Amino acid sequence: MYPLKDSPLCLLSLLLPPLSPAAPISPSEPISQAYSLALYMQKNTSTLLQTYLQYQGSPFSDPGFSAPELQLSSLPPAAVSFKIWHAMDDAERLNRVQEAFLALTQHLQLVGDDQSDLNPGSPILLTQLGAARLRAQGLMGNMAAIMTALGLPIPPEEDTLGLVPFGASTFERKCRGYIVTREYGHWTDRAVRDLALLKAKYPA
């Protein structure tokens, strides 16, 4: 038998600990992080919407303005019946929120570009739109981490805007921005509710 000093590979095998399967990632930490971010976002959504309306002029800035019938085909609405929402499993809820905030990230970029053109002298609004887009991206990252921890596939990032009508009128662009900032708030509310369920299901 050869001495160990002549067998470096054998010596190395004695020094290294045996390999063990990687421990599964607990979903509680990314869920807690996502929930905290969503709660923080929720505190700012109404401010963003009111600031946006204030800079658009009448009828948007008129007291009590609301137009729930306005929708964008490229942006899924957050509203859903309680029966359908309650029947969803974790994977479907996470997928819906992930896809919605991907769309919101892209739409907030478009709205920011619109407002840079329509209201170039409104740094407060432009800053709030940029911050909302970054937070939407952050929540997407949190959702992806939760899905990875739960062993769920992450939906691919797609171009949700499609062909943008660059010839849209000023009024159409203002309507588009209103819908996006409104739905940003509604989707944030829905994300908080979805994450509260997950937080209870996977306590730290």
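1. Contacts along the chain. In this predicted model, among contacts between residues at least 6 apart in sequence, 87% join residues at least 24 apart. The points below return to individual cases of such pairs, after a short account of the helices and of the core.

2. Overall make-up. The protein chain holds six helices and zero strands, and, read from the N terminus on, its elements run α-α-α-α-α-α. Of its 204 residues, 38% count as buried.

3. The largest nonpolar core. This core has 41 residues, and the members that touch the most other members are Phe-101, Leu-139, Ile-146, Tyr-178, Tyr-184 and Leu-195. At least two core residues are supplied by each of helix H2 (28–54), helix H4 (90–118), helix H5 (123–149) and helix H6 (170–201). The largest share, 10 residues, comes from H6.

4. Leu-139, one of the core members with the most contacts to other members. Leu-139 has its place in helix H5, and with a relative accessible area of 0% it is buried, because buried means under 20%. Leaving aside residues up to four places away in sequence, Leu-139 touches Ala-34, Leu-37, Ala-38, Met-41, Phe-101, Ala-191 and Leu-195. Two of these partners, Phe-101 and Leu-195, also appear in the list of core residues that touch the most other members. As for Ala-34, it is 105 residues away from Leu-139 in sequence, while the C-alpha atoms of the two are 6.1 Å apart in space.

5. H2 against H5. The axes of these two helices come within 10 Å and cross at roughly 155°, and since angles over 145 degrees count as roughly antiparallel, H2 is roughly antiparallel to H5. H2 passes H5 in a left-handed crossing. The residues of this contact divide into 18 nonpolar, seven polar and one charged.

6. H4 against H5. Here the axes come within 9 Å and cross at roughly 160°, an angle that makes H4 roughly antiparallel to H5. The crossing of H4 and H5 is left-handed. By class, the residues of the contact of H4 with H5 are 17 nonpolar, eight polar and one charged.

7. H4 against H6. The axes of H4 and H6 come within 9 Å, with a crossing angle of roughly 150°, so that H4 is roughly antiparallel to H6. This crossing, too, is left-handed. A reader who inspects the residue classes will find 15 nonpolar, four polar and 12 charged residues in the contact of H4 with H6.

8. Ala-145, a further residue of H5. Is Ala-145, whose place is in helix H5, buried or partly exposed? At 34% relative accessibility Ala-145 counts as partly exposed, because that value falls between the limits of 20% for buried and 50% for exposed. The C-alpha atoms of Ala-145 and Gln-33 are separated by 9.9 Å, although the two residues stand 112 residues apart along the chain.

9. Ser-122, in a loop. Ser-122 is found in the loop between H4 and H5, and with a relative accessible area of 1% this loop residue is buried. Its C-alpha atom is separated by 10.0 Å from that of Thr-51, a residue 71 places away along the chain. When looking at the stretch that links H4 to H5, the reader may therefore wish to look at Ser-122 as a buried position in a loop.

10. A cis peptide bond. Which two residues are joined by a cis peptide bond? They are Ser-58 and Pro-59, and omega is about 5°. Pro-59 lies in the loop between H2 and helix H3 (82–87).

11. Taking the points together. The three helix pairs described above, H2 with H5, H4 with H5 and H4 with H6, are each left-handed in their crossing. The helices of these pairs, namely H2, H4, H5 and H6, each supply at least two residues of the largest nonpolar core. Leu-139 offers a place from which to begin an inspection of the model, as this residue of H5 is buried at 0% relative accessible area and touches, among others, Ala-34, Phe-101 and Leu-195.

Methods. Residues numbered from 1 in each chain as written. Predicted model: local features only at pLDDT ≥ 70, side-chain atom pairs only at ≥ 80, totals over all residues. Heavy atoms only, no water. Core = buried A, V, L, I, M, F, W, Y, C linked by side-chain atoms within 4.5 Å. Buried < 20%, exposed > 50% of the residue type's maximum accessible area, 1.4 Å probe, protein only. Helix = DSSP H or I, 4+ residues; strand = E, 2+ residues; numbered from the N terminus. Axes fitted to C-alpha atoms, helices over the stretch in contact; angles between N-to-C directions. Parallel < 35°, antiparallel > 145°, perpendicular 65-115°, else oblique. Left-handed = near helix turned anticlockwise from the far one by under 90°. Nonpolar A, V, L, I, M, F, W, Y, C, P; charged D, E, K, R; others polar. Contact = heavy atoms within 4.5 Å.
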